[in-house]
Amino acid sequence: MYDTMKTVNLYDLSQTIASELLGETIYPWEALPKIGEFIRVLGSQLSKEEYIQQGEDIWIAKDANVAPSASIHGPAIIGKGAEIRHCAFIRGNAIVGEGAVVGNSTELKNVILFNKVQVPHYNYVGDSILGYCSHMGAGSITSNVKSDKKLVVLHTPEGDLETGMKKFGAMLGDYVEVGCGTVLNPGTVVGRNVNIYPLSMVRGVIAQNSIYKKQGEIAQKQE
């Protein structure tokens with residue numbers, strides 16, 4: 001049951017430094033409360049030849065390109081070849097994968113970005129996990145708290161699933177493309193290889209290999 005949302009069906013765990021953490025989960029959001037401590041433990045084990053430690057709990061790969069105006073709060077790991085652009089704001093509990101891009105005025109909080117993720121223009125990503133090569137278009141955001149402040153419930157074709165979590169943004173599988181100006185509502189899970197139209201408001205579970213046009217209009221991709 002709920003197979004679409006399982007970690008192994010959303011992500012290639014060879015494409016993240018957080019593979020050990022996620023490998024212990026059935027569903028990926030189970031890792032969200034553990035990201036900070038995982039970073040502290042893993043960071044202390046990273047190669048000093050490849051990473052520079054800043055303060056107590058920030059590790060930045062020596063070949064990462066971090067703009068002087070970027071603000072990074074720990075615990076955080078910035079992977080090899082990552083690009084942190086002008087005025088990016090990393091609030092802590094953040095893993096930025098190898099070759100990932102965190103753009104101008106983008107804000108991250110309690111997230112795992114797999115390798116080669118792009119959140120390059122005015123994005124907010126909180127309490128979320130973004131899979132390998134996923135991309136969020138300009139101005140698209142994850143909404144991570146319900147307006148009524150109640151615990152997030154996942155609405156799926158197989159029935160509702162209680163998460164027990166107040167803060168839960170989006171789980172994006174590998175190769176997901178999110179159109180500009182889209183809002184991913186609390187408790188959104190998007191399967192691998194999904195394209196989401198610009199200016200969408202997304203909630204619930206979106207099956208892999210599909211095109212999300214609007215609520216109630218989702219087309220399967222043709223082989």
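**Figure 1. One cavity passes the size cut-off in this predicted model.** The count comes to one cavity of 30 Å³ or more. A cavity here is a set of points, on a 1 Å grid over the protein atoms alone, where a 1.4 Å probe fits but cannot get out. Grid points are joined across faces, edges and corners, and a volume is the space filled by probe spheres set on the points. The largest cavity holds about 50 Å³ of space. Its lining, meaning residues with an atom within 4 Å of a point, is made up of T16, I17, Y51, I77, G79, V96, G97, E98 and N115. Sorted by class, that makes four nonpolar, four polar and one charged residues. For the classes, Ala, Val, Leu, Ile, Met, Phe, Trp, Tyr, Cys and Pro count as nonpolar, Asp, Glu, Lys and Arg as charged, and the others, Gly among them, as polar.

A note for every view: this is a predicted model, where local features need pLDDT of at least 70, side-chain atom pairs count only at pLDDT 80 or more, and totals for chains, interfaces and linings use all residues. Residues are numbered from 1 along each chain as its sequence is written, and side-chain values use heavy atoms, with hydrogens and water left out.

**Figure 2. T16, one of the cavity-lining residues, up close.** T16 sits in the loop between α1 (7-10) and α2 (19-23). Helices (H or I, at least four residues) and strands (E, at least two) are DSSP runs, numbered from the N terminus. With a relative accessible area of 8%, T16 is buried; that word means under 20%, while exposed means over 50% and partly exposed is in between (1.4 Å probe, protein chains only). Its side chain gets to 3.0 Å from the backbone nitrogen of A18. Skipping residues up to four places away in sequence, T16 is in contact (heavy atoms within 4.5 Å) with L22, I112, F114 and N115.

**Figure 3. The largest pocket and its lining.** About 160 Å³ of space lies in this pocket. Unlike a cavity, a pocket is an open set, with protein on both sides within 12 Å along at least five of seven lines. Around it you'll find K146, S147, V152, V153, L154, H155, N185, P186, G187, R203 and G204. The class tally is four nonpolar, five polar and two charged residues.

**Figure 4. T142, tucked into a strand.** Look for T142 in strand β14 (residues 141-142). T142 is buried, at just 1% relative accessible area. A polar atom of its side chain lies 2.9 Å from the backbone nitrogen of G126. Leaving out neighbours within four places in sequence, its contacts include Y124, M136 and L184.

**Figure 5. E50 and its partner K80.** E50 is in the loop between α3 (35-43) and β1 (51-54), and it's partly exposed at 36%. The side chains of E50 and K80 are joined by a polar contact of 3.0 Å. That term means a pair of N or O atoms within 3.5 Å; within protein, one must be able to donate a hydrogen and the other to accept it, and residues adjacent in sequence count only if both atoms are side-chain atoms.

**Figure 6. Cysteines without a disulfide.** How many disulfides does the structure hold? Zero. A disulfide needs a pair of cysteine sulfur atoms within 2.5 Å. The sulfur of C133 is 18 Å from the closest cysteine sulfur, in C180, so that is too far for a bond. C133 is partly exposed at 24%.
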